[in-house]
Amino acid sequence: MKNTKVFKVSKKKGYQREIVKPIHHGLYFSCHAIFDLTKKYSANPYEKKVNLGQGTYRDENCSPFVLPAVKEAKKRLASQNHEYLPILGLPELRKLATELVLRSDSSALTEQKVASYQSLSGTGALHLAGLFLKRFSTTKPRVFVTEPAWSNHHQVFQTIGFETQAYTYFDSESKSLDFESVRKGLLAAPEGSIFVLHACAHNPSGCDPTREQWRNTADIMKERNLFPIFDSAYLGMNSGDYEADAFAIRYFIDEMKMEAAICLSLAKNMGLYGERVGCVAFVTQTSQQSKNVESVLETLQSEVSNPPAFGARIASTILADESLKKTWLLDLKDISQRIAQMRKELMQHLSKLETPGNWQHVTSQTGMFCILGLTPSQVSHLQKIHHIYMASNSRISIAGINMGNVEYVANAINETIRNR
């Protein structure tokens, strides 16, 4: 055993050294709430059970929906190899994804001011954006997150070492956007703070700013040197029009000429949930800055090394082919219309039952999510008695509703509100 050093612990009278064994100090952490909810739903044998918790799109039969464009792209990739991608990811995906969200004629792209990296879906994009900002911020900015928010927003940035702070976004009484509180939050935040903005289809509230409110938000953020991170998971699924859903991002970048991080997920709007396809893009002020940022992004992903290839190739195949892209955009319109129709059906059933309360917010909120406004006790009752599963704050995924269960869901909500 040459060149092997053996360290002995000397024993002194009256002294005992504690040997630290990290595994022994591991704590038990409960499962992520939504995944735990899905686990309970899957284990329930009740025939009429309904899962309104998990944020994945389902078709009219409550089955996973593989988009026709995705099916065709997979056929074309049947003979692809399984080699590593470059560290920054699939070049075609990075190019096509940034052109999609910004438009190919955006000055940020034509002047080469955009640095990009293929990420592990939207969560990985947020993580990378946070890592970069943490490493190169000259101050210690706080990250501001909407209240309510997707729970991972706090977790992602706190794990990196940021202090996060919630700001009021939603009016629980009217069940609508509280834009006056949003303005106050922007004006009260220290200069240089970071704000996580939902590009569209706010999760969990389903409440988005109007275009005028987005313009007002951009004015304040630019004046106060606040840095925007756009969480962009549902572009095209919200209104059915990708161009309309990308308005806020394009306004900040093209009209206001602001720096920003854009965190794109193609998991949601292409249905590639398990493939973890995403992209983070930093919009800078100069082409040299974008080169610098890209060089840093290559070093930040040492724990991943190379992003996954198959989902990236599916997405880039769709975006590169005009026919497939057109099919995909039409699919997004169909998805949006089905969700809107289910909102309408649920509200009509609740109104017909004369369920106590005002249910207009079911149709005024948009996108896949809706906060019903139930108490935790009522949510628990729906799960135990009616086998309907939703988040504890009564956020539901409208995609879990269809013509076969909407009446059952409405009757259950009606019974619960009247008796709990």
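F144 has F195 of β7 as its bridge partner, and this pair is a convenient place to enter the structure, which is a predicted model. The bridge belongs to the contact between strand β3 (residues 143-147) and β7, which pair in the parallel sense over two bridges.

From β7 the path leads on to β8. These two strands pair in the parallel sense over five bridges. Two residues of β7 can be followed across: V196 stands opposite I229 in β8, and L197 stands opposite F230 in β8. On the far side of the pairing, β8 (residues 227-232) meets β9 (residues 260-265), again in the parallel sense, over four bridges. There D231 has C263 of β9 as its bridge partner.

These strands are part of an open sheet of seven, with the order β2-β10-β9-β8-β7-β3-β4 and mixed pairing. As a general point, strands of a sheet pair through backbone hydrogen bonds, either parallel or antiparallel. The edges of this sheet are β2 (114-120) and β4 (164-168); each has a single partner strand, so one side of each is left without a neighbour in the sheet. On average, neighbouring strands are turned by 25° against each other, direction ignored. Helix α3 (residues 91-102) packs on the sheet, where it touches β2, β9 and β10 (277-283). The direction of α3 makes about 110° with that of β2.

How are β7 and β8 placed with respect to the rest of the structure? Five of the five residues of β7 are buried, so this strand is largely enclosed by the rest of the structure. Both of its faces are covered: I194, V196 and H198 lie on one side, F195 and L197 on the other, and all are buried. The same reasoning applies to β8, where six of the six residues are buried, so that β8 too is largely enclosed by the rest of the structure. From β8, F227, I229 and D231 point one way, while P228, F230 and S232 point the other way, and all of them are buried.

The nonpolar interior can be taken next. The largest nonpolar core has 100 residues, and W328 and L346 are those with the most contacts inside it. Helix α13 (residues 322-352) supplies the largest share of this core, nine residues. Leaving aside residues up to four places away in sequence, W328 touches L67, A69, L100, Y242, N269, M270, I318 and L319. Another core lies apart from the largest one; it has 27 residues, including A115, A129, F157 and L297.

L67, one of the residues touched by W328, also leads to G271. This glycine is found in the loop between β9 and β10. G271 touches L67 and L266, not counting residues up to four places away in sequence. Along the chain G271 and L67 are 204 residues apart, yet their C-alpha atoms are 6.9 Å apart in space. With a relative accessibility of 26%, G271 counts as partly exposed, because that value falls between the limits of 20% for buried and 50% for exposed.

A320 gives a further case. This residue lies in helix α12 (residues 310-320) and is exposed, with a relative accessible area of 55%. The C-alpha atoms of A320 and A97 are separated by 9.9 Å, although the two residues are 223 residues apart along the chain.

The empty spaces remain. The second largest pocket has a volume of about 610 Å³ and is lined by 26 residues, of which L133, S137, N225, F227 and E259 lie nearest its centre. Two or more lining residues come from each of α5 (121-136), α8 (211-223), β8, β10 and α11 (287-300). F227 thus appears both as a buried residue of β8 and in the lining of this pocket.

How many cavities of 30 Å³ or more does a search of the whole structure find? The search finds two. About 100 Å³ of space lies in the largest cavity. Its lining has 13 residues, and Y167, Y169, L197, P209 and W214 lie nearest its centre. The elements giving two or more residues to this lining are α7 (179-188), β7 (194-198) and α8. L197, which stands opposite F230 in β8, is therefore also one of the residues nearest the centre of the largest cavity.

Note on methods:
Residues are numbered from 1 along each chain as its sequence is written. This is a predicted model: local features need pLDDT of at least 70, side-chain atom pairs count only at pLDDT 80 or more; totals for chains, interfaces and linings use all residues. Side-chain values use heavy atoms; hydrogens and water are left out. A nonpolar core is a set of buried Ala, Val, Leu, Ile, Met, Phe, Trp, Tyr and Cys residues joined through side-chain atoms within 4.5 Å. Buried means under 20% relative accessible area, exposed over 50%, partly exposed in between (1.4 Å probe, protein chains only). Contact means heavy atoms within 4.5 Å. Two strands pair if DSSP finds at least two bridges between them. Axes are lines fitted to C-alpha atoms, for helices over the stretch in contact, and angles run from 0 to 180 degrees between N-to-C directions. On a 1 Å grid over the protein atoms alone, a cavity is a set of points where a 1.4 Å probe fits but cannot get out, and a pocket is an open set with protein on both sides within 12 Å along at least five of seven lines; lining residues have an atom within 4 Å of a point. Grid points are joined across faces, edges and corners, and a volume is the space filled by probe spheres set on the points.
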